[in-house]
Every structure is written in structure tokens, then in C-alpha cells.
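Subject: Structure handover

Hi,

Here is the structure I promised to pass on to you. Have a look at it first, and then read my notes underneath.

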Amino acid sequence: MVILARAAGLWGQLLNFFFFQAALVSDVLLIRMCLVGGFVFLIVNGSTGIPDYKQLFYNTVDGEPIIFLDIIIWSVITGSIHVYVIYCLIKDEAHIKLKDDEEEAVWRLFYRRSGMPRLEFCEVVKRAFWHRVKSGEVIVDETNELSRLHFIVEGIVEFESAFHGVSSSPRKLGSGDLFDLNVTNVFGVKVGFDHDRFKAVAKTDCLLLTWTFDQVNIMASRLSPSISSYWRNMILYTVAAEYNRTHEGFRAIGAVDASGKAEDASWRSGARSRDFSPLKPEEEPKKNSFMGTLGWIVKSYNPFPPKGLRHNSLPVSGILAKNRVEALYQTLEQTKQTPMALGREVASSIMRHHDYFQKQSRQGTGLSSIGDTLEMIDADEVNRKSPDINIADFEE
């Protein structure tokens, strides 16, 4: 025979109330806060002997108090984890002071063009290094191609590239632009800009903010998803700005800032973009307020997730592009370290073996052995471009 137990007392009702609230809200911070509230009253409930509605506050047996030690221990351990996560999430919302005025200026441009907050920008800028370049100095050539992503703070850079043997006419980049955009394929969207050869030369003294390929890959794959999302915003802005400049009307004014206004004429000579300037009051990020917090709580009451919440937003073409550029980069690094290196042209030709990279992209992104790679390369092509190389040496 089943005996129906009495309803829980005050502490049991309160812990169930908080657990119920955790099921109703959708914001991760509110969920954690509700769970902590539930575990607090679970500890109280276990410490008072799990009283029923008649005892209300405290349960005893023959006048002796009852304590459920296992409930208390598990609740303290689990609740402590939730408390620490709440601390981390609240800390993320605190104002962050950047290292110096230069970082502040670069953040303002990133914020205007991609919406990137200070927290994410701190993760981005600490993986970069400042790089001053003299006029006429070569920044990218066949010795370091694809190894770095550069952001122009000030100055003019001229680049030219070749794809499938067809060379492009030289083009100029100014303050606020990124290069080599082929590196940005690692963010999971097929940006393109593939090339067999890429060369960039400083036309004026330049100040660059530079990330190595490995650091870009870390930002794309191993940090918070919000960082890669803001980077994709930045890349979209950059590609769109470059495309807009091909219009005759834009050529007359050179470039526009994030608000759509023409950059000063000095931008053509290497001056900084207007997007580095201090934010206007209407551009400042919104500060926390009582009404804002109240609105956030109300909007968070949405227990049923929208369709597709857990789906991957990256296209298959972008994932393939990411894996291809990673494989090419690792191949180029191998050619630098291997005494019998394949040579730059042969390594670049690997990029054009689409079926091979498509097969690799559905596995891990690590590069296969050189012997496996050479099976996909036409032996005649290798012998023609590098007559001193014996493929059999690699296959062994």
C-alpha cells in the first residue's frame, strides 16, 4: 500500500519555487541565480530535517533534531559551482579599462564596425602585437605569406596578388583595413581571396596591429563563440567596404567611416580613420540601470527556446574553407622546416586539389603526412617546378 506523504513545509516550497523559476527563464545568469536560490533552501531544508507543512520550519523525532547530511554536502558542492559561475558572468558585465590610449582608439573602431564590447576586445588585442613599418618595406611576400593577419592603424599599404597565374593590378589599403583576408577563412565563412602569390608593401610609414595565424585560429575556434561572431562582423564590414570602393562614386571620395560619411582627404595619405575618434554620446554602450535590469528580467521569462537554437550557424562552405586554409598553412610551415622542402609553388598547388581537401575537411583539421599529400600531386608537376626533388624520398 502506498502512503501519501504530507506536503513539504516552508523550506520545501521555497526551494521548489526557485527551481520552477529556473525552468521559466531563458537567460543563463538568471537561471544560475534561481538555481542558487533553490540550493540555498535545499540546504536549509536538509538542516531542519525536511519539515512538512504542519511542522513548517523544523522537524524532530522524539524531540531530537534531524539533519540530512548528504543533502547538505551535495547542495553545498553543486551550489558553490553555480555561485562561481554567477560571479564570472557578473564580472563580464563590469567596465573594463584598456591598457592605453592606443588600445582605446582601436577598440572604438572595432566597436563601431563590429559591435565588439571591451571584454571580447581584450581577448583579441592581447593576442596581437604592434608593428611599425617604414615606407617601402615589404610586409608580406612568399617567405611569410598566410602567416599573419594585419590591421592598419595608420599608413598606406599597396598589395598585389596572383590567382591561377593571373596577376591583379596593385591596390591600396588605408587605415582601418585588414590584410591578408585569406587568413580570415578560419572564422568559418568562405571569404575567399585565395591566391598563388600575395605581396604587400608599405607605401608610407605604417603602424600595424598584427596577429599570427595560430592566434587567429585560437580566436576562431577555442575562445568564446561571441569573439568569432564579432570577428565575422568585422570581416563582413571589411569585405563590403572593399567592394563599395570599386564603385565609381566611392573612388572619388576614397572611403567612408562607419557612419557612412566620407573620410577626411588625409586618409588617402595614411591618416587614421575617423572611426578611431572618441565615441559620441549616442554611440556609447548603454549603462546598467534599474529600469534596464527590470526589462531584462521580464524579457528573460521565455521558457520555450526558439526553433534551431542549438543548430550550427556556419555554412558547410565556410567549414571547408577553414579546413583548406589551415591545411595550406601547415603545409607551408612544413616546407620551411623540411630540408627537402617542396617549394612555394608546389605547396600552393595543393590548394587547388579540391577533392583532397574536401575529404580532409570532414575529418580533423590536422595535416596528413607529406607522403599522403604527395599522392594528390601530379608527379610531373613536382618534377617540372622542383627538378631536384625525388618524390620517393618523401614517400619513404
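I'll start with a pair of helices: α5 and α7 are roughly perpendicular to each other, because their packing angle of about 85° falls in the 65 to 115 range that counts as such. Please keep in mind throughout that this is a predicted model.

Some detail on that helix pair. Helix α5 covers residues 118-125 and helix α7 covers residues 225-244, and their axes are 10 Å apart. On the α5 side, Glu120, Glu123 and Val124 take part, and they meet Ser226, Ile227, Tyr230 and Trp231 of α7. By character, the residues of this contact comprise four nonpolar, one polar and two charged.

Trp231 turns up again among the aromatic residues. Together with Phe110, Phe121, Phe151, Phe187, Trp211 and Phe276, Trp231 forms one aromatic cluster. Searching the whole structure gives 15 aromatic pairs. One of these is formed by tyrosine 84 and tyrosine 87, a tilted pair with 6.2 Å from centre to centre and 35° between the planes. Both tyrosines lie in helix α3 (residues 69-92), where they are three residues apart, about one turn of the helix.

How exposed are these two tyrosines? Tyrosine 84 has 53% relative accessibility and counts as exposed, because the cut-off for that class is over 50%. Tyrosine 87, at 49%, counts as partly exposed.

Another residue you may want to find on screen is threonine 143. It sits in the loop between β4 (138-140) and β5 (148-154), and with a relative accessibility of 52%, threonine 143 counts as exposed. Where is lysine 199 relative to threonine 143? In sequence the two are 56 residues apart, while in space their C-alpha atoms are 10.0 Å apart.

Finally, the overall numbers for the protein chain. The secondary structure consists of 15 helices and 11 strands. Of the 396 residues, 41% are buried. Among contacts with a separation of 6 or more, 70% are between residues 24 or more positions apart. The chain exposes about 22,400 Å², and 58% of that area is supplied by carbon and sulfur atoms.

If you would like a place to begin, try the contact of α5 with α7, then follow Trp231 into the aromatic cluster.

Best wishes

Terms used: Residues numbered from 1 in each chain as written. Predicted model: local features only at pLDDT ≥ 70, side-chain atom pairs only at ≥ 80, totals over all residues. Heavy atoms only, no water. Helix = DSSP H or I, 4+ residues; strand = E, 2+ residues; numbered from the N terminus. Buried < 20%, exposed > 50% of the residue type's maximum accessible area, 1.4 Å probe, protein only. Contact = heavy atoms within 4.5 Å. Areas by Shrake-Rupley, 256 points an atom, 1.4 Å probe, with all protein chains shown as cover. Axes fitted to C-alpha atoms, helices over the stretch in contact; angles between N-to-C directions. Parallel < 35°, antiparallel > 145°, perpendicular 65-115°, else oblique. Nonpolar A, V, L, I, M, F, W, Y, C, P; charged D, E, K, R; others polar. Phe/Tyr/Trp six-rings, centres within 6.5 Å; stacked < 30°, edge-to-face > 60°.
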